[in-house]
Amino acid sequence: MNRVTDEDLVLIPGNSLITKTPEEGRALALTLARHTIHNIQPDLDVLKSGRLNYSTAPDSLLHAAQIVALEFRTIAAANNYWRD
């Protein structure tokens, strides 16, 4: 098995959702979505074998974007929407 590294299996890097800026929050949302997928399917060969199917399917891409948006909404709330 070509396994994802333990570092990439961490669900919340640094164990915090707090970021300095919305840009950092968006990057964290993408990271959380990737880490979730890696935890569900840690075998990189299996994960990559399906990429051709979902990477060209509009519904799959929209669903992936929705997951990132949900993660970002959670991060934004945790950061009080970057209030001063």
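**Largest pocket.** I looked up the largest pocket first and got about 480 Å³ of space. A pocket here is an open set of points on a 1 Å grid over the protein atoms alone, where a 1.4 Å probe fits, with protein on both sides within 12 Å along at least five of seven lines. Points are joined across faces, edges and corners, and the volume is the space filled by probe spheres set on them.

This is a predicted model, with pLDDT of at least 70 needed for local features and 80 or more for side-chain atom pairs, while totals for chains, interfaces and linings use all residues. Numbering runs from 1 along each chain as its sequence is written, and side-chain values use heavy atoms, without hydrogens and water.

**Lining.** I found 16 lining residues (an atom within 4 Å of a point), and A33, R34, I37, Y54 and A64 are the closest to the pocket centre. Helix 1 (22–40), helix 3 (51–54) and helix 4 (58–78) each put in at least two; helices are DSSP runs of H or I, at least four residues, numbered from the N terminus. Helix 4 gives the most, seven residues.

**Helix 4.** Which residues of helix 4 are buried? I noted V68, E71, I75 and A76, buried being under 20% relative accessible area and exposed over 50% (1.4 Å probe, protein chains only). They sit on the same side of helix 4 because their arc, taken from the directions from the axis to the C-beta atoms, is only 140°. Turned away from that buried side are the exposed P58, D59, L62 and R73. Just after helix 4, I saw N80 with a positive phi of about 50°.
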